[in-house]
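Reader: I should be grateful for a close look at a single part of this structure, namely the place where the metal ions are held. Please explain it step by step, as one would to a first-year student.

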Amino acid sequence: MAPTTVLPNPRVHPRFSGITTFCRYPRLEDVTPENRPVDWAVFGVPFDAGVTYRPGARFGPRAVRDASQYVKRFHMAHGVDVCEVLSLADAGDAPVAPYSCKETLDVVWSWATQLPDPARTRLLAVGGDHSVAYANINATWERRGRPGGGLALLHFDSHLDTVDSVWNEKWGHASPFRRAIEDGLIDPKAMISVGIKGPLNSKADLDFASHHGVTIVTHERWKAEGPRVLRDFVARLSGREAYLSFDIDVVDPAFAPGTGTPCPGGLTSAEAFEAVRACAGASIVGADVVEVLPDRDPAGITALLAAHVVFEILAIDAAARSKGGAKGSPCGQSSPPAR
Ligand code: MN
Ligand code: MN
């Protein structure tokens, strides 16, 4: 029997009840033997000492878990029951060292690298500020057998996050992709950054990425070309393993105000889904959704959006596997897709 995700039946245990895990997936330690190894472990990284502006994203994982109780299992656009095709789990929160970016990245990397079944279980980190992406990229690269040339990167953000250092900090949220490129974890020529916008400190802010051959899709270009620019990029990857990094500040603060470095004039929530769906066909082997700041999030709309972005990312893999004939059998005690 192919692995599936056993969810609480929402008609017996309603979505507003129970102990909170990401999307009500079982805790990793509670996954039944027949559903191991899991395909994706979702985990939190409650860390925000890497920010250049407003702190508070350390409470992001908790808020996204809470908002994710209302994420259901059947993806209409892909026509796939994500929990039927994939075995999913909440691995809890990674350990962090709240006073130190580098120490945090080291402990997160070590913890994530050692999660069970490296060849099979992929990691999706929920931040936390964007500095934590480096740790999960590094852990993913390690778990995938250190692919030479590095992973491809599908990056959604208002910012390039390729600054060398800020206040002498080389591991903050402005720098994760600079470090990942320098360390050979990411191939800049197989990296696309979508949604770049806002005033820069200087034109030179673009230099590192453009000199290394990163495909920069400004929000203006996105408006002109739309999801096709991503579909074409993904097609050119021809199945090469890719990491997807989603900074919620790529979304307009009108839709996602709960974030630390907001940039007006970005994607709508619907466009954010379109953008992630345009990555269908990519071989996504790791991901993160970061920069949710609950204290600036009236009505919890940013956390709710982030929870659904997590689902969109998982759905890409579910859609790919279900097309490939790897479809699992119906899920244990769960009811049919329910409201
Ligand atoms: Mn970022
Ligand atoms: Mn950003």
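Author: The following account takes the metal site as its centre and then turns to the cysteines and the cavity.

The model is a predicted one, and the values below are computed from it. Let us begin with the manganese ion (ligand 1). Its donors are H130 (ND1), D157 (OD), D161 (OD) and D247 (OD), at 2.0 to 2.2 Å. Along the chain these donors follow the spacing H-x26-D-x3-D-x85-D. H130 lies in the loop between β5 and α4, while D247 belongs to strand β9, so this pair ties together parts that are 117 residues apart in sequence. Both H130 and D247 are buried.

The manganese ion (ligand 2) is coordinated by D157 (OD), H159 (ND1), D247 (OD) and, listed twice, D249 (OD), at 2.1 to 2.5 Å. The spacing of its donor residues in sequence reads D-x1-H-x87-D-x1-D. Here D157, in the loop between β6 (151-156) and α5 (176-182), is paired with D249, in the loop between β9 (241-247) and α9 (269-277); these two residues are 92 residues apart, and the pair links distant parts of the chain. D157 and D249 are both buried.

How far apart are the manganese ion (ligand 1) and the manganese ion (ligand 2), and which residue bridges them? The distance is 3.2 Å, and D157 is the bridge. D247 likewise appears among the donors of ligand 1 and among those of ligand 2.

One may next ask about links between cysteines. The structure holds 0 disulfides. For C101, the closest cysteine sulfur is that of C263, and a bond is ruled out because the two sulfurs are 20 Å apart, which is too far. C279 is also in no disulfide, the nearest cysteine sulfur, in C23, being 18 Å away. C101 counts as buried because its relative accessibility is 4%, and C279 counts as buried because its value is 0%.

Finally, there is the matter of enclosed space. Rolling a probe the size of a water molecule over the atoms shows where empty space is left. The structure holds 1 cavity of 30 Å³ or more, and the volume of the largest cavity is about 40 Å³. Its lining consists of P118, T121, R122, L123, T140, R143, R144 and V285. By class, that lining has 3 nonpolar, 2 polar and 3 charged residues. Strand β5 (122-127) and helix α4 (132-143) each supply at least two of the lining residues; the loop between β5 and α4 is also where H130, a donor of ligand 1, is found.

Conventions
Residues are numbered from 1 along each chain as its sequence is written. Chains are lettered from A and ligands numbered from 1 in the order in which they are written. This is a predicted model: local features need pLDDT of at least 70, side-chain atom pairs count only at pLDDT 80 or more; totals for chains, interfaces and linings use all residues. Side-chain values use heavy atoms; hydrogens and water are left out. On a 1 Å grid over the protein atoms alone, a cavity is a set of points where a 1.4 Å probe fits but cannot get out, and a pocket is an open set with protein on both sides within 12 Å along at least five of seven lines; lining residues have an atom within 4 Å of a point. Grid points are joined across faces, edges and corners, and a volume is the space filled by probe spheres set on the points. Helices (H or I, at least four residues) and strands (E, at least two) are DSSP runs, numbered from the N terminus. Ala, Val, Leu, Ile, Met, Phe, Trp, Tyr, Cys and Pro count as nonpolar, Asp, Glu, Lys and Arg as charged, and the others, Gly among them, as polar. Donors are N, O and S atoms within 2.8 Å of the metal (3.2 Å for Na, K and Ca); water is not among the atoms, so sites may look incomplete. Buried means under 20% relative accessible area, exposed over 50%, partly exposed in between (1.4 Å probe, protein chains only). A disulfide is a pair of cysteine sulfur atoms within 2.5 Å.
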